[in-house]
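Student: I'd like a close look at one part of this model, the way its helices pack, and then at a few single residues for context. Please keep the cut-offs in view as you go.

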Amino acid sequence: MFDSLSDRLGGVFDRLRGRGALSEDDVRGAMREVRIALLEADVALPVVRRFVDNVTELAIGQSVLRSVTPGQQVVKIVNDALVEMLGGGTAELDLVATPPVVIMMVGLQGSGKTTSTAKIAKLLKEKHGKKVMMASLDVNRPAAQEQLKVLGEQVGVATLPIIVGQLPVEIATRALNAAKLQAVDVLMLDTAGRLHVDQALMDEMKAVSAISVPKETLLVVDALTGQDAVNVAQSFSGEVDLTGIVLTRMDGDARGGAALSMRAVTGKPIKFAGTGEKLDAIEPFHPERVAGRILG
Ligand code: GDP
């Protein structure tokens, strides 16, 4: 995860730390390299600019340059700014509501939405002791409902029985009723994937949201798509009230651009990171840990 960005930044900061004293020019030189590293990592340009300007201003302060370990202080400033850029603290799911609490999952086809639905269901069941039910509202892609059922069996979470021919809103209504009857704590609705941001499907998503009143609406995006992931998040957040992002395929993401730009560009917190194909390969997104990983 973030290997190439980490290597680039590691080189810059090793050089800084290796020097006893630092001049303003040394800091500015290092920040130029940081800027290039972030741009190569596909971080959005305005985000890079703001980051570099903030860090430079703090780092060329006299208290830093005159300190005993200026290199280390600069790295600490960069670390804090990275944590901030990644969203500050960990954004937890908010499931405080009368059950069944609804989590609506949305996203483009192939982003890892159905897999993430099952992963989160497993996590809620095993780590939080919740009784979870999942329902697929995807009537566009043949076998989507079947896929969720199979995943449900693998993670030991109930899925709503499939009735062929029902519309998404009808399935959502049936899921809500079933969840109430069965005293389910959390109902996860896996909405239809889409190839691109498409108005008909957006309207469908809004209709499902209106009747199910989700406490969490999580957008699943693929980290490997970099700035596209951020653009997708912006498009979706213009249509529905997203409460968080699930960033998948972080396991293969050497660059980190989506993770680093997401919060600053969209204002939405990354709540989970998908880290592999296995159904336990998901973790809450911890900005401090991710920053630590990037800085090595
Ligand atoms: P959907 O069309 O958005 O529902 O996508 P799927 O959930 O069917 O996932 C598409 C593919 O991506 C599957 O092969 C998943 O195993 C894989 N996948 C999902 N999340 C991750 C992840 O975090 N890391 C990796 N490496 N693969 C993932």
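Tutor: Here is the packing, with some background before it and three residues after it.

This is a predicted model, where local features need pLDDT of at least 70 and side-chain atom pairs count only at pLDDT 80 or more, while totals for chains, interfaces and linings use all residues. Residues are numbered from 1 along each chain as its sequence is written, and side-chain values use heavy atoms, with hydrogens and water left out.

Confidence first: pLDDT (the predictor's confidence in each residue, from 0 to 100) averages 94 over the chain, and 100% of the residues score at least 70. The model's ipTM is 0.99 and its pTM is 0.94. You get 12 helices and eight strands in the chain; both are DSSP runs numbered from the N terminus, helices being H or I over at least four residues and strands E over at least two. The C-alpha trace spans about 70 × 35 × 30 Å along its principal axes.

Now the packing. Two packed helices are described by the angle between their axes and the distance between the axes. The axes are lines fitted to C-alpha atoms, for helices over the stretch in contact, with angles running from 0 to 180 degrees between N-to-C directions.

Take helix 5 (residues 70-85) against helix 1 (residues 3-17): the axes are 7 Å apart, at an angle of about 145 degrees. That crossing is right-handed (clockwise; left-handed is when the near helix is turned anticlockwise from the far one by less than a right angle). Helix 1 brings F13, L16 and R17 to the contact, and helix 5 brings G71, Q72, V74, V75 and V78; contact means heavy atoms within 4.5 Å. Sorted by class, that makes five nonpolar, two polar and one charged residues. Here Ala, Val, Leu, Ile, Met, Phe, Trp, Tyr, Cys and Pro count as nonpolar, Asp, Glu, Lys and Arg as charged, and the others, Gly among them, as polar.

Helix 3 (residues 45-59) packs on helix 5 as well: their axes come within 10 Å and cross at roughly 145 degrees, again with a right-handed crossing. V47, F51, V55, L58 and A59 of helix 3 meet V74, I77, V78, A81, L82 and M85 of helix 5. That contact has 11 nonpolar residues, no polar and no charged.

On to the residues. In the chain, 54% of the 296 residues are buried, meaning under 20% relative accessible area, with exposed over 50% and partly exposed in between (1.4 Å probe, protein chains only). T217 sits in strand 5 (residues 216-222) and is buried at 4% relative accessibility. Beyond four places in sequence, T217 contacts M104, V106, V240, D241, L242, T243 and G244. K271, in strand 7 (residues 270-274), is a buried lysine at 7%; its contacts include E92, D94, E216 and E283. S111 lies in the loop between strand 1 (101-107) and helix 6 (113-128), with 5% relative accessible area, so S111 is buried too. The S111 side chain reaches the backbone oxygen of V220 at 3.4 Å.

Terms used: Polar contact = N/O pair within 3.5 Å; in protein donor to acceptor, adjacent residues only side chain to side chain.
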